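Subject: Handover of a structure

Hello,

Please find the structure below. My notes on what was found in it follow.

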Amino acid sequence: MSNMKVLPLLEPDVAACCPPLNERPMSADEAEVAAKMFKALGDPVRLRLFSAVASHEGGEACVCDISDVGVSQPTVSHHLKKLKEAGLLSSERRGTWVYYKVEPSVLAAMGALLSGAAKATA
């Protein structure tokens, strides 16, 4: 008999963070979550790391594959931690390496937030 138990998956806080910008004014909590995402992406190194993970085959990348962004390994780790704290990346340790993944719901939430406003101005 197995002692394994299936646990529910938790969606990141970002998934349903905010309505499209032109739908209604954001609440203070929604603005806080959205600002945290955009602040994390406001750093060029973080944006490059996020892009490296998102564009990597399978939408997942080993830290060993994405660390060549012109800064030291401890700095890469710091930036990846900030992206995780903002809910933009998740990670999984496999042996000695950590693999990072962009959550599809995060990309969908960011796209929905901006796309409504873009359609309204077009």
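Which residue does Arg94 meet in a salt bridge where the closest N and O atoms are 3.4 Å apart? The partner is Glu92. Please keep in mind that this is a predicted model.

Salt bridges

There are 5 salt bridges in the structure. One of them joins Glu60 to Arg94, with 2.7 Å between the closest N and O atoms. This pair connects distant parts of the chain: Glu60 belongs to strand β1 (residues 60-62) and Arg94 to strand β2 (residues 89-94), and 34 residues separate the two.

Arg94 also has the salt bridge to Glu92 described above. Glu92 counts as partly exposed because its relative accessibility is 43%. Through shared partners, the salt bridges tie Glu60, Glu92 and Arg94 into one network. The other two members of the network are also partly exposed: Glu60 has a relative accessibility of 25%, and Arg94 has 33%. The range that counts as partly exposed runs from 20% to 50%.

Another salt bridge is formed by the side chains of Lys82 and Glu85, at 3.6 Å from N to O. Both residues lie in helix α4 (residues 73-85), and because they are 3 residues apart there, about one helical turn separates them. Lys82 is partly exposed at a relative accessible area of 32%, and Glu85 is partly exposed at 40%.

The sheet

Three strands form an open sheet in the order β1-β3-β2, and their pairing is antiparallel. β1 and β2 are the edge strands, each pairing on one side only. On average, neighbouring strands of the sheet are turned by 25° against each other, direction ignored. Strand β3 (residues 97-102) runs antiparallel to β2, and 6 bridges join the two. Glu92, already mentioned for its salt bridge to Arg94, stands opposite Tyr99 in β3.

Helix α2

Helix α2 covers residues 44-55, which makes 12 residues. At 1.5 Å a residue it should span 16 Å, and its end C-alpha atoms are indeed 16 Å apart, so the expected and computed spans agree.

Which residues of α2 are buried? They are Val45, Arg46, Leu49, Phe50 and Val53. These residues lie on the same side of α2, because they cover an arc of only 135° around the axis. On the face turned away from this buried side, α2 carries the exposed residues Pro44 and Ser55.

The N-terminal end of α2 is capped by Asp43, which has a side-chain oxygen 2.8 Å from the backbone nitrogen of Val45. Val45 is thus named twice here, as it is also one of the buried residues of the helix.

Helix α1

Glu30 is part of helix α1, which spans residues 28-41. Is Glu30 buried or exposed? Glu30 counts as buried, because its relative accessibility is 14% and the limit for buried is under 20%. A polar atom of the Glu30 side chain lies 2.9 Å from the backbone nitrogen of Ser27.

Regards

How values were computed:
Residues are numbered from 1 along each chain as its sequence is written. This is a predicted model: local features need pLDDT of at least 70, side-chain atom pairs count only at pLDDT 80 or more; totals for chains, interfaces and linings use all residues. Side-chain values use heavy atoms; hydrogens and water are left out. Helices (H or I, at least four residues) and strands (E, at least two) are DSSP runs, numbered from the N terminus. The expected span of a helix is 1.5 Å times one less than its number of residues. Buried means under 20% relative accessible area, exposed over 50%, partly exposed in between (1.4 Å probe, protein chains only). The arc is that of the directions from the helix axis to the C-beta atoms. A polar contact is a pair of N or O atoms within 3.5 Å; within protein, one must be able to donate a hydrogen and the other to accept it, and residues adjacent in sequence count only if both atoms are side-chain atoms. A salt bridge is a side-chain nitrogen of Lys or Arg within 4 Å of a carboxyl oxygen of Asp or Glu. Two strands pair if DSSP finds at least two bridges between them. Axes are lines fitted to C-alpha atoms, for helices over the stretch in contact, and angles run from 0 to 180 degrees between N-to-C directions.
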